[in-house]
Amino acid sequence: MKIDGMIGLFTKIINNPLSKVVLKNTLSKENGEVKLERWLKAYAEGEEIKSIEFNAIKKIIKAGLKAFGGDEEELKERLRDAYWRKGFISVIRGLVYFGVRKPFVAGSPFLVVWDLTYSCNLKCKHCYATAGKPWRDELNSQEALKALDVLADAGVTAIAFSGGEPLMRRDFFKIASKANEYGIFVSIATNGTLLTKENVKRLKECGVGFVQVSLDGDKEHHEMFRGVEGVFERVVDGIKNTINEGIMTCISTTATKLNYNAVFKAMDLAEELGVEWFMLFNYIPTGRGGFEIDLSAEEREILLKELWRRLNSTSVNFMSTAPYYARIAVQQKSDVMPTHFYNANLNGMYLAEFIGGCGAGRFYIAMKANGDIQPCVFFPLKLANVKEFSNGNDFLEFWKSNKILNELRDKDSIEVCGECKYKYVCGGCRARAYAYFKDYKKPDVGCLIAKRMLRRV
Ligand code: SF4
Ligand code: SF4
């Protein structure tokens, strides 16, 4: 059977009312644990259990593997890992809430980027958070731990603590440890200046698995952006410390007109230092960052093509938050598709259309230091506040039914992008549309194809 036929069959299995009832039941809790967790552990270990639910799950996994490709033994191996089980439960919850749709919507966010504080020891020109001093209404320790309870209860797979500078918060290690105890994958986005050997050891001890360090290029550009002399060497030392401690390390560079040529130097440095990841941030004019330093669509395309070339010729995972990066991969007829957060193995265009594109409201959401929730860190539109939720169910209800999130999930109704053949693979950056037009359904003028399509209108 062809892949589209397999997906059709998989869709039928999922949409069958009986399957839906069974799947919904597996998401209920027994002794404080989601039942599906138990079935996935058993499946991963090759146990045989006489249960309708367990057999239904096995059947759905088999149909899913046939439709989207994948190796059963490899999946079992992955499901022995708690993070993967969390992610898988979120996939099943997504199928129950939203069905099989393009692009796919997870049943609870795979990733929450949480600006823990706006306190910062630097004053970067392009800071999306206009950070410096902490806000008066930032969540205190008790409130932050309560927010964590809610997110864990909702089945969030990963949290990236950002800011400001998250390490400026005295209770950072306490909050990160608690997240880790919940089985959540913990990462941190930092300016790198506080990554001393001692701090990095503590990060490792409290289970931080990924450290993303901002770097704007060479010394000249980095210090011009960050406004502090000598900071470049401190950051490079910090990167070396995290690599030496064996924590997955990522250099992240935000490309603007001010550092365009230096971005290539940052890429070189990532290769030289041997970090595992390099993340090219798609600059969005928001916070302290103005419109005049935004790249043209042509400049962005050149950078992304260079990123793609390096991804395929070096050992560094060269990735980008720009959704058109996935479009470039598909245009190159690649077997892998770099999304915001990982490099997905593809089964042609089919899988790309399910997982690709802007993650805001699909598998990702952002939280500000005061608990305000917005679609993305670059998208200053308040949807709720975490303090409104007393448990995970409240949060899940919000995730499922929020009007704006549902509009963001609908790629067909976006102006211009909705007519593009890459709408499900990419869909444009909704934060950029919001920044330029104060309307997230408008086109993303940062993309070359959108620009050409607009000229034709
Ligand atoms: S036109 Fe829109 S959907 Fe198409 S590639 Fe560009 S940003 Fe993506
Ligand atoms: S709006 Fe979407 S594409 Fe843009 S930065 Fe946020 S998650 Fe990425």
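**Strand 5 and its neighbours in a predicted model**

Student: Which residues point one way from strand 5, which the other way, and are they buried or exposed?

Tutor: This is a predicted model, in which local features need pLDDT of at least 70, side-chain atom pairs count only at pLDDT 80 or more, and totals for chains, interfaces and linings use all residues. Residues are numbered from 1 along each chain as its sequence is written, and chains are lettered from A and ligands numbered from 1 in the order in which they are written. Strands (E, at least two residues) and helices (H or I, at least four) are DSSP runs numbered from the N terminus, and a residue is buried if 20 or more other C-beta atoms, placed from the backbone, lie within 10 Å of its own, exposed if 12 or fewer, and partly exposed in between. Phe-185, Ser-187 and Ala-189 point one way, Val-186, Ile-188 and Thr-190 the other, and all are buried.

Student: Why is strand 5 largely enclosed by the rest of the structure?

Tutor: Strand 5 covers residues 185–190. It is largely enclosed because the buried residues number 6 of the 6.

Student: In strand 5, which residue is the bridge partner of Ile-159?

Tutor: Strands pair if DSSP finds at least two bridges between them. Strand 4 (residues 158–163) and strand 5 run parallel, joined by 4 bridges. The partner of Ile-159 is Val-186.

Student: In strand 6, which residue is the bridge partner of Ile-188?

Tutor: Strand 6 (residues 208–214) runs parallel to strand 5, with 5 bridges between them. The partner of Ile-188 is Val-211.
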